[in-house]
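The questions below walk through one structure, and each is followed by a reasoned answer. Please keep the sequence and the 3D view open while you read.

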Protein chains: 4
Amino acid sequence: MNLRERKTAKKKEDILRSASLVISRKGFRQTTMEDIAAELLMTKGSLYYYFKNKEELLFYCHEQILTTVLDKLRKIKQQDSSSSEKMKAAIKIHLDTAIREREIFNLAVKPEQIFSSDYADVIVQKLDEYAELFDQLILHGVQKGEFSVSQKKMARMIILGAANWIQVWYSPEGEFSKEEIEQVYADYLLKILT
Amino acid sequence: MNLRERKTAKKKEDILRSASLVISRKGFRQTTMEDIAAELLMTKGSLYYYFKNKEELLFYCHEQILTTVLDKLRKIKQQDSSSSEKMKAAIKIHLDTAIREREIFNLAVKPEQIFSSDYADVIVQKLDEYAELFDQLILHGVQKGEFSVSQKKMARMIILGAANWIQVWYSPEGEFSKEEIEQVYADYLLKILT
Amino acid sequence: MNLRERKTAKKKEDILRSASLVISRKGFRQTTMEDIAAELLMTKGSLYYYFKNKEELLFYCHEQILTTVLDKLRKIKQQDSSSSEKMKAAIKIHLDTAIREREIFNLAVKPEQIFSSDYADVIVQKLDEYAELFDQLILHGVQKGEFSVSQKKMARMIILGAANWIQVWYSPEGEFSKEEIEQVYADYLLKILT
Amino acid sequence: MNLRERKTAKKKEDILRSASLVISRKGFRQTTMEDIAAELLMTKGSLYYYFKNKEELLFYCHEQILTTVLDKLRKIKQQDSSSSEKMKAAIKIHLDTAIREREIFNLAVKPEQIFSSDYADVIVQKLDEYAELFDQLILHGVQKGEFSVSQKKMARMIILGAANWIQVWYSPEGEFSKEEIEQVYADYLLKILT
DNA sequence: CATGAATGAGCGTTCATTCAT
DNA sequence: CATGAATGAACGCTCATTCAT
């Protein structure tokens, strides 16, 4: 990748970052291309030099975040530690992403409602892998006797649902620090599995 | 309330019911006044006789649902049963509402993002009361020695968050019946409090 | 058809007439919805009350003109007169339409380039019928010994092509009257068939 | 003209050739500067070094084609052959150009609709000369007794109109070869003049 | 000279809202 | 009361054009 290409790649990332920011503030439907451009001190026409339409831009916002969080999750799975420790780590990662990426992470919830099928397929596949990784963590814990839970899928949905909700009320200025919250959530949610 | 007023009130309720339905199907932003009117075999102009604009219509949709669910919750609180039983009942009520009213219930999440401040204030107040009722259930359980939880607010957020998430994956045609799900969720979430 | 519907139908026709006018002046691609609306002293948004998009509006412009001219042509075919007389009458009809409907009539030429397939199919079918009627006139003339022409299809293309071209140079203020032109064209083009 | 100038001139011709090609494929209004640049493996910015805007580029496309075809026509006029032979040759040249340059040739039809007046004037002048050459061919034929036609201008319009129309239906894969078509057209159109 | 990048005006379309009848 | 009709602001998107490098 030469200088030019690096510059373009960098700009694309800038746009994605700004877009994620604005979308988290205003919500996806309310965010216009003009809003995103304004955040970057560009005109909306310029955005189309980098992304072919609003949908594509949004897609890459998701893709980037999901790819990053998936990577982190895969590493946790390969760690050499107890299932409880791994699950706690996974929950913390999830909380961290949910807090930092708010809206974007949340939207991934029903991709078919937002994306045309080509994009939705990719998102769905990543979400499936994400869920699968959690399911494996639970399964291994059960097999090793650490966890005891009969409805594994529902347990996973409860854990992820609870964690996603953090976006609704977390605020940096709140009563608890991010780290405290992550600790308490991890501890409490672990109770479901035991 | 004379006949005319009763007729108008009845019509308003019809509109709210239909609006809730359509919004749950298509999502709030995607639902046009025309969609709502079509469901009622009216024309969109007529809606403006009953509600002064789309925001007001949406507000009353929320208000109605929140009022209903609050009523149910208050009754549970006054029941003569154990805290565990009350909490399980509350969770089931919440799940039931989340499933039946999907979108509407979900929107209540961030009222400031959707409503201008006058409306938002009312919604926020009801949501606060809703949270307060849950907190009281937890507190009483702790006082009676049934529950054991130090971070009461976070426990409540976890429970409600997990329950809200049900919308994302519940389907009438799914593997589990609504009643099974409610039972499992109630059981699992109770673990957090003990 | 009650009063309301008649009013709407009338308005639709008004719009089609105005649209045809503006398109003939400026050409299809250069004509904006705003142009058409302005001609009618409306705003462009209102057009969408009557037609679902620009393509549909244009389609009906064509459909109307083609239907009218086809009707006239069918009647000529059934006349009780010589093939020469019929052909002359047909040419005059064609010239008359080409002059009065200029651009619209011209655009019908390559429907696939302008319309999406559903609309294009209808136009193509009408154009085919139009061509077929001319071909029958030629064929009957040959069978009756009035005409003598081996390449019937090319003869038809030559006749229609020449007639279409009238749009390019005809002007009401020109040297010749419309009737004179029609007479001369009909006479000269008949020579091709004999 | 030094080397640099020759290079530039060559490049300009390349651009005109490619532009004509793309425009014939996609139509003038649908052809973007980007399309033209892509065909030449350039970027659209570069086109502006050679032509000051899209209109100028289009103008030279026309100018080039019209100049070429005018040259051919002048040579035919000076040939030492009968008026019929000359006219047939002229018709074939016209058909050949109409087929090869489709869109461009067609656009010349109403220059005022496409070009600002300075450019339009030049085009109109060339078109006038083109028509004049045809008129002279007809006139000489009449004077020599080969042709017999009272409305010379209309005869010319008929001939050119019919010939232009060839674009609408000619296809290299069609039933007849280009040469066959040219022969039939020339024969049939000559009938008008006799 | 050529290019990548940016711009801005304009277009088709949607939709909440208004209002005369 | 209800409706048909109209409005206008806003949005996503395109593209000819410009310009620093």
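Q: How many Å separate a phosphate oxygen of DNA strand E from an N or O atom in the side chain of Lys11(A)?
A: This is a predicted model, in which local features need pLDDT of at least 70 and side-chain atom pairs count only at pLDDT 80 or more, while totals for chains, interfaces and linings use all residues. Side-chain values use heavy atoms, with hydrogens and water left out, residues are numbered from 1 along each chain as its sequence is written, and chains are lettered from A and ligands numbered from 1 in the order in which they are written. A polar contact is a pair of N or O atoms within 3.5 Å, and within protein one atom must be able to donate a hydrogen and the other to accept it, with residues adjacent in sequence counting only if both atoms are side-chain atoms. For Lys11(A), the separation between the side-chain N or O atom and the phosphate oxygen of DNA strand E is 3.3 Å.

Q: Which residue has a polar side-chain atom 2.8 Å from a phosphate oxygen of DNA strand E?
A: A phosphate oxygen of DNA strand E also lies 2.7 Å from a side-chain N or O atom of Lys54(C). The residue with a polar side-chain atom at 2.8 Å from a phosphate oxygen of this strand is Ser46(D).

Q: What percentage of the atoms of DNA strand E that come within 4 Å of the protein is accounted for by sugar and phosphate?
A: A residue is near a strand if one of its heavy atoms lies within 4 Å of it, and 32 residues surround DNA strand E, the closest being Thr8(A), Tyr50(A), Tyr48(C), Lys54(C) and Tyr50(D). Among the atoms of DNA strand E that come within 4 Å of the protein, the share of sugar and phosphate is 76%.

Q: How many charged residues does the surface near DNA strand E have?
A: In this sorting, Ala, Val, Leu, Ile, Met, Phe, Trp, Tyr, Cys and Pro count as nonpolar, Asp, Glu, Lys and Arg as charged, and the others, Gly among them, as polar. The surface near DNA strand E has ten nonpolar and 14 polar residues, and its number of charged residues is eight.

Q: Which residue has a side-chain N or O atom 3.0 Å from a base nitrogen of DNA strand F?
A: On DNA strand F, a polar side-chain atom of Thr43(B) lies 3.3 Å from a phosphate oxygen, whereas a polar side-chain atom of Lys44(D) lies 3.4 Å from a base oxygen. The residue at 3.0 Å from a base nitrogen of this strand is Lys44(A).

Q: How many helices does chain A have?
A: Helices (H or I, at least four residues) and strands (E, at least two) are DSSP runs, numbered from the N terminus. The C-alpha trace of chain A spans about 55 × 35 × 35 Å along its principal axes. Chain A has zero strands, and its number of helices is ten.

Q: What percentage of residues 32-51 of chain A is helix?
A: An unreviewed UniProt entry gives these residues of chain A the annotation "DNA-binding region"; such annotations may be inferred rather than shown by experiment, their positions are given in the numbering used here, and feature names are shortened. Over residues 32-51 of chain A, the end C-alpha atoms are 14 Å apart, strand makes up 0%, and helix makes up 70%.

Q: What area is buried between chain A and chain B?
A: Contact means heavy atoms within 4.5 Å, and here 36 residues come from chain A and 32 residues from chain B. Buried area is the accessible area (1.4 Å probe) that two parts lose on being put together, summed over both. Carbon and sulfur atoms give 67% of the area between chain A and chain B, which is about 3,300 Å².

Q: Which helix supplies the largest share of the side of chain A that touches chain B?
A: Between chain A and chain B there are zero salt bridges (a side-chain nitrogen of Lys or Arg within 4 Å of a carboxyl oxygen of Asp or Glu), while eleven residue pairs are in polar contact, both at pLDDT 80 or more. Helices α1 (3-26), α5 (83-107), α8 (152-164), α9 (166-169) and α10 (178-192) of chain A each supply at least two residues of this side. The largest share, eight residues, comes from α8(A).

Q: Which residues of chain C lose the most area to chain D?
A: Chain C and chain D bury about 3,300 Å² between them, with 35 residues of chain C and 32 residues of chain D taking part in the contact. The residues of chain C that lose the most area to chain D, together 23% of what that side buries, are Met154(C), Trp165(C) and Tyr188(C).
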